[in-house]
2 protein chains.
Amino acid sequence: MHWVAVDWGTSSLRGALLDSTGKVLAEQGHPRGILSVPAGGFPEVFESLFGEWMRPEGTRCIISGMAGSQQGWVEAPYCACPAGLADVVRSIIDIQPGRIALVPGLRDEHAGVPDVMRGEEVQIFGAIALTGLRDGVFVLPGTHNKWVRVKGGRVEGFRTFMTGEFYALLSQHSILARTLDADAPLDEAAFLQGVTQSGNGEGLLHNAFGARTLALFNRMPKSQLSSYLSGLLIGEELRTQSLQTTREVVLIGSPALTKRYALAISATGVSTRTLGAEATWAGLHALATQLLPTP
Amino acid sequence: MHWVAVDWGTSSLRGALLDSTGKVLAEQGHPRGILSVPAGGFPEVFESLFGEWMRPEGTRCIISGMAGSQQGWVEAPYCACPAGLADVVRSIIDIQPGRIALVPGLRDEHAGVPDVMRGEEVQIFGAIALTGLRDGVFVLPGTHNKWVRVKGGRVEGFRTFMTGEFYALLSQHSILARTLDADAPLDEAAFLQGVTQSGNGEGLLHNAFGARTLALFNRMPKSQLSSYLSGLLIGEELRTQSLQTTREVVLIGSPALTKRYALAISATGVSTRTLGAEATWAGLHALATQLLPTP
């Protein structure tokens, strides 16, 4: 029997129609993230987008992502780390019993400061299923990047980095915006120069100003400065990771972002492999096989 | 004879009427920073604000700050570090010979990346004159903070940190803005908690996200979060400084900002002393005594 998988994010959502083996039969994406949905408006938006797929009697849907947040459809309390697939399945919330289920996010805690994810946990379980790796480091680049440690197929713990949001703030709203082109294509040499520069011990708050002065003194063309800044930020993030004992990092995300992380991580001698949207559908399928009577 | 000192910044300017001993007879401040002045409009703005003070025949004026930048009145090329008062005097530009002079900024360079200041060099020379310290560490908190090493009364070198701008971006434009009050008064305990947290080795990109999750889990009230974020940023800046051999740091700036640096630096066992606007007038006076025939 066919079923529906939805990854409902903050600014956009993606949905897929799958068969019982997890094969994707159709996909759709919409700029209808939770911030665009008025309070109480989730059922209506859902039916308008997925009503057709849900029409056959008994069709089920599993939703992951920010739809389970305070500002979402229904709040699904976070599941504590370490957490495996079975722990997440136990915490799934029925929005419409027997029809629509909502996956909770995960939370971790470091010295009294909580950390959270919503949606990425599904991508990780999907990546575990697709790669067969039950131990390792998984990185999910995005506005709020996640570095995730997986042990025995469970999410042992994770940390969030605001790298993507810092890049957007600095390249669009700071003094750097005057002299760089945020939409310029990736310049690999300038990017790696930024990664190297981030290791000089002077810190991001100082190094970011260099992206201003290099422009002031015409030392770097406008078209390279955004790549340099991106390298400074991703390099700063990498500096906090201990990858000495890591052979391979699994990257999950869009090609534009994972390519940058692959470049920076490869420069440290660690290899990478990359997954895209297929990790989301594989993760929701893994949940479905445990949750749905006839997935 | 009386003379006029002007510190012309990016978003505002301050002017003072001084006598030949450097005593401030009158002060004025205006929101007429260089960004508010149309191209070619500097002479008119200057006369409208300071024409009265300049009326007596032969009255001189010295201007420091961003008025000497590319977007300013006249571009005054940076003076290279190390630079003392005499080096800066030699690089002063006559805007109106015998009437209005413009002080250049300083530049330094680290591994191929330039660093610059405009206006702060005058405050440093003023602080040297006021404190009698000819060797030491001088810090000028602001949108783009400067950490300056002074040796033998000259500026040996310096580094800029975008700490103030990062705070504005994060507290007003990032996801953190939803749960913190950027205008809340300083909470010293929360501030120092942020300073301590910044030393955990996880980096600013991760620690900043904690200011979001502490709010999500109601672990810290909204009124304390801006102080916590400020502590994270200033702590991050301090971590890059080697203050082991420093006994005292001279802070120059507004009371609201210097207080935060004094708190964070004192927590490392280094004492501080603080100067305000008087450093600017003392610095321009020090230049005037070398520049003007009868200051």
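Student: In this predicted model, which residue of chain A meets the side chain of B:Glu109 in a salt bridge?

Tutor: In the predicted model, the side chain of B:Glu109 is joined by a salt bridge to a partner whose N lies 2.9 Å from its O. B:Glu109 belongs to strand β8 (residues 106-110) of chain B, while the partner sits in the loop between α6 (204-216) and α7 (222-239) of chain A, so the pair joins two chains. The partner in chain A is A:Arg219.

Student: Are B:Glu109 and A:Arg219 buried, partly exposed or exposed?

Tutor: Buried residues have under 20% relative accessible area and exposed ones over 50%, with partly exposed in between. B:Glu109 has a relative accessible area of 36%, and A:Arg219 has one of 40%. By these values B:Glu109 is partly exposed, and A:Arg219 is likewise partly exposed.

Student: Which residue of chain B forms a salt bridge with A:Glu109?

Tutor: This pair also crosses between chains, running from A:Glu109 in strand β8 (residues 106-110) of chain A to a residue in the loop between α6 (204-216) and α7 (222-239) of chain B. A:Glu109 is partly exposed at 37% relative accessibility, and its partner is partly exposed with a relative accessible area of 40%. The N to O distance is 2.9 Å, and the partner is B:Arg219.

Student: How many salt bridges are there between chain B and chain A?

Tutor: The pair of A:Glu109 and B:Arg219 crosses between the chains, and another salt bridge links A:Glu202 with B:Arg159, their closest N and O atoms being 3.1 Å apart. Over all chains the structure holds 20 salt bridges. Between chain B and chain A, the count is four.

Student: How far apart in sequence are the parts that A:Asp87 and A:Arg154 tie together?

Tutor: A:Asp87 and A:Arg154 form a salt bridge in which the closest N and O atoms are 3.0 Å apart. A:Asp87 lies in helix α2 (residues 85-90) and A:Arg154 in strand β12 (residues 154-161) of chain A, so the bridge ties together parts whose separation in sequence is 67 residues.

Student: Is A:Asp87 buried or exposed?

Tutor: The cut-off for a buried residue is under 20% relative accessible area. Its salt-bridge partner A:Arg154 is partly exposed, with a relative accessible area of 35%. A:Asp87, by contrast, has 18% relative accessibility and therefore counts as buried.

Student: Which side chain of opposite charge is nearest to A:Glu165?

Tutor: A:Glu165 lies in helix α4 (residues 163-173) of chain A. When residues up to four places away in sequence are not counted, A:Glu165 touches A:Thr143, A:His144, B:His173, B:Ser174 and B:Ile175. A:Glu165 is buried yet has no salt bridge, and the nearest side chain of opposite charge, 7.1 Å away, is that of B:Arg178.

Student: Which three residues supply 18% of the area that chain B buries against chain A?

Tutor: The contact takes 47 residues from chain B and 47 residues from chain A. The area buried between the two chains is about 4,100 Å², with carbon and sulfur atoms giving 67% of it. The three residues that supply 18% of chain B's part, more than any other three, are B:Met162, B:Leu205 and B:Phe209.

Student: What kind of axis relates chain B to chain A?

Tutor: A rotation of 180° with 0.0 Å of shift along its axis superposes chain B on chain A, with an RMSD of 0.0 Å. That is the relation of a two-fold axis. In chain B, the C-alpha nearest this axis is that of B:Leu169, 3.3 Å from it. The copies meet through the same surface, because 100% of the interface residues of chain B are also interface residues in chain A. The axis is thus a two-fold axis.

Student: What distance separates the centres of the two domains of chain A?

Tutor: Chain A is divided into domain 1 (3-132 + 280-291) and domain 2 (161-275). Taken over C-alpha atoms, the centres of domain 1 and domain 2 of chain A are separated by 31 Å.

Student: Where does B:Leu263 lie?

Tutor: B:Leu263 is buried, with a relative accessible area of 18%. Leaving aside neighbours within four places in sequence, B:Leu263 is in contact with B:Leu186, B:Glu188, B:Phe191 and B:Leu192. The place of B:Leu263 in chain B is helix α8 (residues 255-266).

Conventions
Residues numbered from 1 in each chain as written. Chains lettered and ligands numbered in written order. Predicted model: local features only at pLDDT ≥ 70, side-chain atom pairs only at ≥ 80, totals over all residues. Heavy atoms only, no water. Least-squares fit on C-alpha atoms with pLDDT ≥ 70 in both. Contact = heavy atoms within 4.5 Å. Domains from an automatic or database assignment. Helix = DSSP H or I, 4+ residues; strand = E, 2+ residues; numbered from the N terminus. Buried < 20%, exposed > 50% of the residue type's maximum accessible area, 1.4 Å probe, protein only. Lys, Arg positive; Asp, Glu negative; His and termini not counted. Buried area = accessible area lost by both parts, 1.4 Å probe.
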